[in-house]
Amino acid sequence: MGITIDMAKAFDRVNWGFLLQVLSQMGFSPQWCNLIHQCISTTSMAVIVNGSPRKFFKPSRGLRQGYPLSLYLFLFCMEALPRYLTHAETQHQIQGIKICRDAPAINHLLFADECMVFCKANMQECNNLIQIFQEFGQSSGQLINFSKSGIFFSKNTAPEIADNISNTMKVQRINTSEKYLGSQLFTTKSKIQAFKPCVDNLKFRFAGWKTNLSTAGKMTMIQ
């Protein structure tokens, strides 16, 4: 089975202490971690009510969206989730999927705050996965919005098992023909037909670049 995870207000919920701990574990020096802490903790905010700002206050967590450094810091924070999942697989708590017999197992795909997790469709791994999400959320400050997440199963999964897992995790079922991040979850026998929307989208973008960009702009875009 596969689960697409939706993070609720991902940037706003980043735990600063957790982020600094991740940076330290990855080998960043204390001086660098201190500079990062100053960058994220010295800001102040105000709430605008009826067009006028109220008193300024200092936040205790979160990263400012749009700030050039925030995306990279958030990726460091999210790097902990794959570590949780990989450790769980080494402890035989979950099992990833293989695209062929000799291929390595894959237990997740991660793109910024968009994550898809794979494991066996049984109640034991379902409960283990819920525990992993809870531990990650408690340490990182992240909150998984299960009502906006989705789950899908292979054709070989028994309907009663699929229903039990969906009800336990409180995650809605999604169809394998639906799109995720602009692409289909699974391709059909006709690869040309499956990827045609992506090709058409690229052609549309290229047409705009061809007419609107200067030669220098085209070179920059190609590079």
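**Figure 1. The largest nonpolar core of the predicted model has 42 residues.** The residues with the most contacts inside this core are Ile5, Met7, Leu19, Leu63, Leu129, Ile151 and Met169. Two or more core residues come from each of the following elements: strand S1, helix H1 (16–25), helix H2 (30–41), helix H3 (70–78), helix H4 (80–90), strand S5, helix H5 and helix H6. A second core, separate from this one, consists of five residues, among them Met116, Phe152, Ile174 and Leu185.

**Figure 2. Surroundings of Met7, one of the residues with the most contacts inside the largest core.** When neighbours within four places in sequence are left aside, Met7 is in contact with Met78, Leu81, Asp113, Phe136, Gln142, Leu143 and Ile144.

**Figure 3. Five strands form an open sheet in the order S4-S5-S1-S6-S7.** The pairing within the sheet is mixed. Strands S4 and S7 occupy the edges, and each has a single partner strand, so one side of each lacks a neighbour in the sheet. Strand S1 and strand S5 run antiparallel and are joined by four bridges. Strand S4 (residues 108–111) is likewise antiparallel to S5, and four bridges join S4 to S5.

**Figure 4. Strand S5 (residues 114–118) and its hairpin with S4.** Four of the five residues of S5 are buried, so this strand is largely enclosed by the rest of the structure. Two residues lie between S4 and S5 in the hairpin. Ala112, in the turn, has a positive phi of about 55 degrees. Phe111 stands opposite Glu114 of S5.

**Figure 5. Thr4 in strand S1.** Thr4 has a relative accessibility of 9% and therefore counts as buried, the limit for that class being under 20%. The bridge partner of Thr4 in S5 is Met116. Residues up to four places away in sequence not being counted, Thr4 touches Cys115, Met116, Ser149, Gly150, Phe152, Ile174 and Tyr180. Of these contacts, Met116, Phe152 and Ile174 are also included in the second nonpolar core.

**Figure 6. The buried side of helix H6 (residues 159–169).** Ala162, Ile165, Ser166 and Met169 of H6 are buried. These residues lie on the same side of H6, because they cover an arc of only 100 degrees around the axis. On the other side of the helix, Glu160 and Asn167 are exposed. The buried residues of H6 pack against strand S1 (2–5), helix H5 (123–140), strand S6 (150–152) and strand S7 (172–173). One of these buried residues, Met169, is listed among the residues with the most contacts inside the largest core. Lys170 follows H6 and has a positive phi, near 55 degrees.

**Figure 7. The buried side of helix H2.** Helix H2 has twelve residues and spans 16 Å from its first C-alpha to its last, close to the 16 Å expected at 1.5 Å a residue. Cys33, Ile36, Ile40 and Ser41 of H2 are buried. These residues cover an arc of only 115 degrees around the axis, which puts them on the same side of H2. Residues three or four places apart in an α-helix point the same way, because the helix has 3.6 residues a turn. Helices H1 and H3 are included in what covers the buried residues of H2. H2 also gives two or more residues to the largest nonpolar core.

**Figure 8. Two exposed loop residues with positive phi: Asn50 and His92.** Most residues other than glycine have a negative phi. Asn50, although not a glycine, has a positive phi of about 55 degrees. Asn50 lies in the loop between strand S2 (48–49) and strand S3 (52–53). With a relative accessible area of 78%, Asn50 is exposed. His92, also a residue other than glycine, has a positive phi near 60 degrees. The loop that holds His92 runs between H4 and S4. The relative accessible area of His92 is 70%, and this residue is exposed.

Key:
Residues numbered from 1 in each chain as written. Predicted model: local features only at pLDDT ≥ 70, side-chain atom pairs only at ≥ 80, totals over all residues. Heavy atoms only, no water. Buried < 20%, exposed > 50% of the residue type's maximum accessible area, 1.4 Å probe, protein only. Arc of directions from axis to C-beta. Contact = heavy atoms within 4.5 Å. Pairing = 2+ DSSP bridges. Core = buried A, V, L, I, M, F, W, Y, C linked by side-chain atoms within 4.5 Å. Expected span 1.5 Å × (residues − 1).
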